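Subject: Structure handover

Hello,

Here is the structure I promised to pass on. Please open it first, then read my notes below with the view beside you.

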Amino acid sequence: MNSHRKSTPSARFTTYIDFEEINNGLTTVGETVSLRPIDVPEETNVDEEKIEPQLLPGEIMIARANNVLKFAPLKANRTGISGTLFVTNFKVSFVTSLPVEAKEREMHSKSLQNRFLGVHDVCLSEVDMVNQFSEDNTKKKRLLYNAQMPPRLSGLQLVLKSLRVINFSFKFTPTGEDIRVAQALLHHAFPTSIDHLFLSCGYPPSSPGIPDFCRAVDWEHELQRTRCPNWRVSKHNEFFNLCASLPTVLVVPRDLLDAQLEQAAQHFQGTRPPVWCWGTPAGAALVRMAQISPSITDNNDNPVARVPVLALQAASGFLVGRTGWQWAERGLHLALEEGKPSRLSVSKSVGSNMKKRKVDEASQQQENRMMGLVHRCHPMRLQPKIFDLDQILPSLKEIQISYIKLRELHTPDDPTQFWEQDRHYFSRLESSRWLSHISKCLEVAQNAATAILHQNSSVILQDATGCDLSAVISSLVQLLLDPHMRTIRGFHCLIQKEWVALGHPFTKRLGHTRNQLEEQSPVWLLFLDCVYQVSLQHHTALEFTSEYLVALWHAAHCSLHSSFMFNSVNAKYSASDVLQRENPQQPIYLRPVWSWWAEDKSIIENEQNGSDEEPLDSKISAREAFLNVHYIQKLFKSLAISGAVRRISDPLSSAYHTWQHIDCLMGETRQLPYDPSTPIVPLQLDGSLRLDISLSNLRPWLGCFCAWLSEPAMLTLNDSESLLKDSSPASHHWSHIHEMYNTMKDLLSQSLANGAAQ
């Protein structure tokens, strides 16, 4: 699937020279340089070779443009290659017989979608903006899907959600082909509905074995693993009749009846009541919930603003601080046991309208009752900590504004703009407030983790819809406290549980459709950046590398990775049904992103898509790119004690389980990321991951934000060279690891042989 080029030289332009130091063949008009390609083909050769992209089952070609020039990044449109540009219902494909630029080949090799996309391919759902640009790159105008197209396009600039910029020139393209390609691109890259994207390639994915947390058994296993008491699995949402954005099964307080759950859910935004997502054997639970409904309706069906949650909760016995919620003594038992709000506060807030007051009182009463149930689930009846994330974290709009500034900083159009931004890089980064948002999320997560670990308190995370910032904090808390979540398997389960099953609205937040632009906000990138900061401060703690986090961010924009395409599991089922009705003769398979581990054997292939170039010097396996060599070294060190070989043979010893883990990562069986037959290992709390959340100790994620900048440019970004080198394990580390692994296998073989001889 990766080879979209032919080994036979193209009959069209065979190269596009760099005019940086060459004056021959230039025509100067003012200060605008007119570029002249070399080796222009004869007209008789145009139809002798048919160049087409490789298509997946069900993929169709929409438009093509011949004699297109693709420019290298940050070269002021002076260096590029020639080829044919295609638009299908899945991708933008540039087909050429010329060698691949090293940066593109490297980034393509480290992606989770390289089985479906070639080096010069871009998934349509990854396109963020389409601009028209002039030859001298001095004028740029955004093209919209519903706007009138100019009669002729000089070129197209694609700004991708992966913070990459691609420029195509139509200077030598036949008239009309440029417009057809642009119209097809704008129409198919910004669909009105998610089921209009190319979501299924026609053949089933390999089973990754990751639980989808849409079955009761998956949540029961998680309850069994954490040994958190007094919670139960409810199937009351089996047909999404309770909440459309939650999975079909939920974990709720043991004393809560399904009828009471349904009644309470109506008073929360999106009908998302409090749900359990993780806990400890001592009874401290991690709970996510939405705010109570923001409005009520009077007799004329006019929306009326509800009593602010902050005032009601304060009246019911809650006080808010800068770092979280604390319980006040006044009204504590009333709020927890009876669920009754303060009538005085409510009546002052809503005035004399009794109907409004009763509706608000009912909502507040249900919220307090649910919080009281969480309180009673704790074996010691300890007071839970409530974190109102809407009060202490940035809003979704603020996160989006920061991201836009971040995108502008890392997607320069030309060298002039790059050097200008580079001189003020850190001041511009600071003004975006992106790292400030990262710092605040890490602070809240650390405070919540401290409450669970040291105070044995349950933690309730509350945000507007219960599916955005609560997912960030909940995931970080588990990463800080649960060693299982720091492994590849555990991290996959964490994302599947907190983000996919519990309904983070990926479609809205990542802008997979043209609708609801005001709801876009890269909460998913915010979380991945937080995990990246954890990996920098604890380089041996996580089993996966920062390169894998980058790959997950890029994979979130490939429509064939269903894990990050939908607003909820229910939306995924609905889209699948629509596609199946439209294609009754063809089975529809929506592929989870985790299936990549079961399908792909390596991320850098030997053949170079028909190129005569030698492959990369270091043919790194998927394990060596995405698995943290320092983490595996730490596992080996735990076995470097006397008698380890003997204990490895004992299934009851910790050394046995450590070796099984190493063998899973290093062995030929390749059972990553998850083996369902693996026994459930009880939770072992670990509070060793303390974070320095000060801005001076946070680093810009250059491996993600600057990934597509050309190498010389990227190395100028304020000591980025050293940062990038630190993020990638050296090849000699992996050589040492393989030596240790082979030595240990030989020792075990000798031990078994000696035991058999005796």
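R215 is partly exposed, with a relative accessible area of 48%. Its partner in a salt bridge is D218, and the closest N and O atoms are 2.9 Å apart. D218 is buried, because its relative accessible area of 5% is under the 20% cut-off. Salt bridges that share partners also join E222, R225, R288, D482, K497 and E498 into one network. Please keep in mind that this is a predicted model.

Salt bridges

How many salt bridges does the structure hold? The count is 21. The general idea is simple: side chains of opposite charge can pair when their charged atoms come close.

Look at E104 and K70 next. They form a salt bridge, with the closest N and O atoms 2.6 Å apart. This pair links distant parts of the chain. E104 sits in helix α1, K70 sits in strand β3 (residues 61–71), and 34 residues separate them. Are these two residues buried or exposed? E104 has 9% relative accessibility, so it counts as buried. K70 has 5%, so K70 counts as buried too.

Then find D178 and R152. Their salt bridge has its closest N and O atoms 3.4 Å apart. This pair also links distant parts of the chain, 26 residues apart. D178 belongs to helix α2 (residues 177–189), while R152 lies in the loop between β8 and β9. D178 counts as buried, because its relative accessibility is 0%. R152 is partly exposed, at 31% relative accessible area.

The sheet

Now turn to the strands. Eight of them form an open sheet with antiparallel pairing. Their order is β6-β5-β4-β3-β10-β9-β7-β8. Which strands are at the edges? They are β6 (121–123) and β8 (140–142), and each pairs on one side only. From one strand to the next, the twist averages 30°.

Strand β9 is a good one to follow. On one side, β9 (residues 155–160) pairs with β7 (residues 127–133) in the antiparallel sense, over five bridges. V130 has L158 of β9 as its bridge partner. N131 is matched in β9 by Q157. Strand β10 (residues 165–169) is another antiparallel partner of β9, again over five bridges. There, I166 of β10 is the bridge partner of L158. L158 therefore appears in two of the bridges listed here, one with V130 and one with I166.

How much of β9 is buried? Six of its six residues are. Both faces are covered. G155, Q157 and V159 are buried on one side, and L156, L158 and L160 are buried on the other.

Two unusual backbone angles

Most residues other than glycine have a negative phi, and most peptide bonds are trans. Two residues here deserve a look for their phi.

L163 is not a glycine, yet its phi is positive, at about 60°. Where is L163 found? L163 is in the loop between β9 and β10. The hairpin of these two strands has four residues between them. L163 counts as buried, because its relative accessibility is 3%.

F240 is the other one. Its phi is near 55°, a positive value in a residue other than glycine. F240 is found in the loop between β11 (231–234) and β12 (250–253). With 17% relative accessibility, F240 counts as buried, because the cut-off is under 20%.

Cavities

Last, the empty spaces. Rolling a probe the size of a water molecule over the atoms shows where empty space is left. A search of the whole structure finds twelve cavities of 30 Å³ or more. What is the volume of the largest cavity? About 180 Å³.

Lining the largest cavity are 17 residues. Those closest to its centre are S111, Q113, D121, E126 and W708. By class, the lining has six nonpolar, seven polar and four charged residues. Helix α1 (102–109) and strand β6 each supply at least two lining residues. The largest share, three residues, comes from α1.

Where to start? I suggest the salt bridges, then the sheet, then the cavities.

Best wishes

Notes
Residues are numbered from 1 along each chain as its sequence is written. This is a predicted model: local features need pLDDT of at least 70, side-chain atom pairs count only at pLDDT 80 or more; totals for chains, interfaces and linings use all residues. Side-chain values use heavy atoms; hydrogens and water are left out. Two strands pair if DSSP finds at least two bridges between them. Axes are lines fitted to C-alpha atoms, for helices over the stretch in contact, and angles run from 0 to 180 degrees between N-to-C directions. On a 1 Å grid over the protein atoms alone, a cavity is a set of points where a 1.4 Å probe fits but cannot get out, and a pocket is an open set with protein on both sides within 12 Å along at least five of seven lines; lining residues have an atom within 4 Å of a point. Grid points are joined across faces, edges and corners, and a volume is the space filled by probe spheres set on the points. Ala, Val, Leu, Ile, Met, Phe, Trp, Tyr, Cys and Pro count as nonpolar, Asp, Glu, Lys and Arg as charged, and the others, Gly among them, as polar. Buried means under 20% relative accessible area, exposed over 50%, partly exposed in between (1.4 Å probe, protein chains only). A salt bridge is a side-chain nitrogen of Lys or Arg within 4 Å of a carboxyl oxygen of Asp or Glu.
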